[in-house]
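Trainee: I have a new model open and I'd like to learn how to read it. Could you walk me through it?

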There are 2 protein chains.
Amino acid sequence: MERYRFLMSGSGGQGVITMAIILAEAAVIYEGRTAIQSQSYGPEARGGATRSDVIVADGPIFFPKVLHPNCLVALTSEASNKYLHLIRPGGLFLYDSDLVQFDVRVDMRRKGLPMHRAVMETLGKPQTFNICVLGALAVLTEAVTLESLEKVLMTRFAEVHHKNNRTALQLGADMAAALVEN
Amino acid sequence: MERYRFLMSGSGGQGVITMAIILAEAAVIYEGRTAIQSQSYGPEARGGATRSDVIVADGPIFFPKVLHPNCLVALTSEASNKYLHLIRPGGLFLYDSDLVQFDVRVDMRRKGLPMHRAVMETLGKPQTFNICVLGALAVLTEAVTLESLEKVLMTRFAEVHHKNNRTALQLGADMAAALVEN
């Protein structure tokens, strides 16, 4: 498998760190891979921006920071403006097409999906937005499967959240699948 | 300030990762420091053990992994057995004195506190055990203050949890303070 270097970014409260931890756990516990997940906090943490890195690999990982992601996730324009220049040539850029505006032209695979809006329209509240993003990532990358993500969600969260988590995960997967087919 | 290299360890469900994230955020957002917090997942993640690293410094952090902690936290015997040999000479070892048994003799500052039992006796449920450990760490190290931890707790958690979080934090701080005085 390709080595995945995810840089996940957004604002505080969007669940960016939780999303990164779930992805790493799913890849390791249910798919037998190696992963490292980290948060670097510098002065920018005081501005409300959130960044979390995940590396998923088939072998040992020696340097745990992501300098140039081959998969960048941005959930706000601020995050996109800050990190888009770091993306590797041909890398995947997954962003929320309502929350993120950008006009940078770089060599990448752009995948904009109205994930936040879909979650609000389907579930009426934004708490599972990050889970919806994970569903899209499972379809758009080979880093992890939908089934492994679902297993982690069922283990980590109380039963009262299972139904909405499943719905949000499938919502993201379906949106990404539609995009891939078109 | 001394550079703190925390290795936090325990079992899944004890809130080890959350504890690490709260510590890092408190140090960065409210005390103007730099921090990096990470989880390495290898084969051991499939066994239910949890490890999370935090480095807190006054300047830039170049290598984000903790190889030899100067502050080791262990909340199970399994975790202690696994990581105690990594501690730096003279390092702080904070452990739960009921949950952790060990008979290794190394050059360290041992601080065993019955934190889990205190939380159960005071609050009747174990969910804030990790918060109690943070309260003890605030007293035993200079990495972070009790006030900064409390600010993060008030921001990150819903209001319904505030009272118990404050109680658990103070419980850990009081136990550690009693230990320091003796």
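**Helices, strands and a shared sheet**

Mentor: Start with helix α4(A), which lies across β4, β5 (91-96) and β6 of chain A and runs at about 155° to β5(A). In chain B, helix α4 (residues 129-140) lies across β4 (71-74), β5 (91-96) and β6, again at about 155° to β5(B). This is a predicted model, where local features need pLDDT of at least 70 and side-chain atom pairs count only at pLDDT 80 or more, while totals for chains, interfaces and linings use all residues. Residues are numbered from 1 along each chain as its sequence is written, with chains lettered from A and ligands numbered from 1 in the order in which they are written.

Trainee: Where do names like α4 and those angles come from?

Mentor: Helices (H or I, at least four residues) and strands (E, at least two) are DSSP runs, numbered from the N terminus. Axes are lines fitted to C-alpha atoms, for helices over the stretch in contact, and angles run from 0 to 180 degrees between N-to-C directions.

Trainee: How do I read a sheet, and what is the strand order here?

Mentor: Strands of a sheet pair through backbone hydrogen bonds, either parallel or antiparallel. Two strands count as paired if DSSP finds at least two bridges between them. Here an open sheet of twelve strands, with mixed pairing, follows the order β6(A)-β5(A)-β4(A)-β1(A)-β3(A)-β2(A)-β2(B)-β3(B)-β1(B)-β4(B)-β5(B)-β6(B). At the edges stand β6 (108-113) of chain A and β6 (108-113) of chain B, each with a single partner strand, so one side of each has no neighbour in the sheet. On average, neighbouring strands are turned by 15° against each other, direction ignored.

Trainee: Which way do β2(A) and β2 of chain B run, parallel or antiparallel?

Mentor: They run antiparallel, with seven bridges joining β2(A) to strand β2 (residues 34-41) of chain B. To find one bridge, look at A:Q39, whose partner in β2(B) is B:Q37. For a parallel case, take β1 (residues 4-11) and β4 (residues 71-74) of chain A, which pair over four bridges; there A:L7 has A:L72 as its bridge partner.

Trainee: And how many residues does each chain give to the contact?

Mentor: Two residues are in contact if their C-beta atoms, placed from the backbone, lie within 7 Å. By that rule, chain A gives 19 residues and chain B gives 19 residues. On the side of chain A, the largest share, eight residues, comes from β2(A).

Trainee: How do I describe two helices that pack, such as α1(A) and α4(A)?

Mentor: Angles under 35 degrees count as roughly parallel, over 145 as roughly antiparallel, 65 to 115 as roughly perpendicular and the rest as oblique. Helix α1 (residues 16-30) and helix α4 (residues 129-140) of chain A pack at an angle of about 40°, their axes 9 Å apart. They are therefore oblique to each other. Among the residues that meet are A:M19 and A:I22 in α1(A), and A:V133 and A:L137 in α4(A).

Trainee: Is A:A20 buried or exposed?

Mentor: A residue is buried if 20 or more other C-beta atoms lie within 10 Å of its own, exposed if 12 or fewer, and partly exposed in between. A:A20, found in helix α1 of chain A, counts as buried because it has 26 C-beta neighbours inside 10 Å. Leaving aside neighbours within four places in sequence, A:A20 is in contact with A:M8, A:Q37, A:S52 and A:V54. By contrast, B:L146 has 17 such neighbours and so counts as partly exposed.
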